[in-house]
Amino acid sequence: MNKKKLFSVIILSYNNLQYMINCLESVLNQDYDCIEIVISDDCSDNLEIEKIEKYIKKNKKDNIKSYIINQNRANVGTVKNLNNAIKLANGNYFINLACDDLLYDKKVLTNVVKFFENTNYLAATGFIEKFYTYDVNILDKKSPGKWVMNFINNKTPMEIYKKLCQKNFLAGPGFCYNRDLINIYGFYDESYRLIEDYSRYLYLTRNGCKLGFINLCIIKYRAGVGVYYKGMNGDSNDKIYVQYNNDLDLIKKKEINPYMNYFK
């Protein structure tokens with residue numbers, strides 16, 4: 001395996017910075033030997049850049065080749081924040097990580113690179129396991145179901161697209177891809193503000209991109225703290241809930257409804 005290929009771990013944050021150190025620990029523990037950390041914060045109230053830098057410098061090993069910490073001047077939403085991070089990154093490989101989630105174990109990046117080097121896929125997803133804030137060691141069963149892996153591995157992009165039109169059955173956390181995916185299919189669609197994964201999966205498969213499925217757990221997913229859940233808590237987060245559903249409506253109008261003739 002070519003250890004010289006840089007792997008950019010993209011960490012997105014917005015007012016969930018209490019989990020940043022925990023997330024960074026899972027990255028700093030990786031055994032892959034050429035890692036770049038790209039943190040992009042979407043204008044949180046309490047970003048402490050010096051504290052984060054101090055932690056990285058104190059705990060990083062030689063495999064951490066560089067790190068970037070960006071804070072947007074205004075809140076731009078998940079999708080544009082992700083694009084901002086990708087534009088800052090220098091890697092050959094990428095993985096999307098929310099700062100309230102964790103890489104599953106120390107071999108995640110090594111295993112992702114092996115997968116890409118042994119296949120011709122440009123992008124892949126895998127299994128996740130949920131955990132709860134009070135104890136990262138208490139994990140639910142992995143998801144999605146094994147049928148998803150079998151389906152992805154045995155169907156054409158259009159068949160996957162048609163199934164996705166019914167419902168998003170792929171995990172968003174831990175989406176992995178190489179730079180060629182961006183070069184060929186472009187950045188994420190900033191018509192959407194919060195939902196980056198479902199719209200992306202529909203766009204890629206509809207345009208002939210074959211997604212791979214890695215038969216491993218990639219992410220420990222912190223349950224109950226994502227954008228959608230924040231939007232269900234009431235008060236000032238009601239607007240998040242509304243925006244999330246606006247994105248869902250736009251996905252139907254833009255990614256699904258115009259292509260219904262594909263099903264005839």
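Let me begin with a word I shall lean on throughout: a residue is called buried when its relative accessible area is under 20%, exposed when that area is over 50%, and partly exposed in between, with a 1.4 Å probe and protein chains only. The second convention is that helices (H or I, at least four residues) and strands (E, at least two) are DSSP runs, numbered from the N terminus.

With those in hand, helix H4, residues 108-117, is mostly covered, since seven of its ten residues are buried. The buried residues of H4 are Val108, Leu109, Thr110, Val112, Val113, Phe115 and Phe116.

Before I go on, please keep in mind that this is a predicted model, in which local features need pLDDT of at least 70 and side-chain atom pairs count only at pLDDT 80 or more, while totals for chains, interfaces and linings use all residues. Residues are numbered from 1 along each chain as its sequence is written, and side-chain values use heavy atoms, with hydrogens and water left out.

Let me turn to the strands, where two strands are said to pair if DSSP finds at least two bridges between them. Strand S6, residues 123-132, is mostly covered, with eight of its ten residues buried, and strand S9, residues 211-222, is also mostly covered, with ten of its twelve residues buried. S6 and S9 pair in the parallel sense over nine bridges; among the partners, Phe131 is bridged to Arg222 of S9, and Ile128 is bridged to Ile219 of S9. S6 is also joined to strand S8, residues 176-178, by two bridges, and here the strands run antiparallel, with Ala124 having Cys176 of S8 as its bridge partner. S9, for its part, is joined by two bridges to strand S5, residues 102-103, and that pair runs antiparallel. Ile219 of S9 appears here again, as the bridge partner of Leu103.

Now to the cysteines, taking a disulfide to be a pair of cysteine sulfur atoms within 2.5 Å. How many disulfides does a search of the whole structure find? The search finds zero. Cys43 is in no disulfide, and the nearest cysteine sulfur, that of Cys99, is 15 Å away. Cys99 is likewise in no disulfide, and for Cys99 the nearest cysteine sulfur is that of Cys23, at 6.1 Å. As for their surroundings, Cys99 is buried, with a relative accessible area of 0%, whereas Cys43 is partly exposed, at 26%.

Cys43 has a further feature in its backbone: it is found in the loop between strand S2 (35-41) and H2, and its phi is near 65°, a positive value in a residue other than glycine. Asn15, also not a glycine, has a positive phi of about 55°. Asn15 sits in the loop between strand S1 (7-13) and helix H1 (20-28), and at 30% relative accessibility it counts as partly exposed. A third loop to look at is the one between strand S7 (135-139) and H5, where Pro144 has its place; a cis peptide bond joins Ser143 and Pro144, with omega of about 0°.

That loop leads to helix H5, residues 146-154, which packs against helix H6, residues 157-166, at an angle of about 140°, with the axes 9 Å apart. Axes here are lines fitted to C-alpha atoms, for helices over the stretch in contact, and angles run from 0 to 180 degrees between N-to-C directions. That angle makes H5 oblique to H6, because angles under 35 degrees count as roughly parallel, over 145 as roughly antiparallel, 65 to 115 as roughly perpendicular and the rest as oblique. The contact, meaning heavy atoms within 4.5 Å, is made by Trp147, Phe151 and Ile152 of H5 and Glu159, Ile160 and Lys163 of H6.

I will finish with two residues inside helices. Is Glu255, an acidic side chain in name, buried or exposed? At 3% relative accessibility, Glu255 counts as buried, and its place is in helix H10, residues 238-256. A polar contact of 2.7 Å joins the side chains of Glu255 and Tyr192, where a polar contact is a pair of N or O atoms within 3.5 Å; within protein, one must be able to donate a hydrogen and the other to accept it, and residues adjacent in sequence count only if both atoms are side-chain atoms. Leaving aside neighbours within four places in sequence, Glu255 is in contact with several residues, including Tyr161, Asp189, Tyr192 and Arg206.

The other residue is Ile56, found in helix H2, residues 49-59, and buried, with a relative accessible area of 0%. Not counting residues up to four places away in sequence, Ile56 touches Leu24, Ile39 and Tyr67. The C-alpha atoms of Ile56 and Tyr67, eleven residues apart along the chain, are separated by 8.4 Å.
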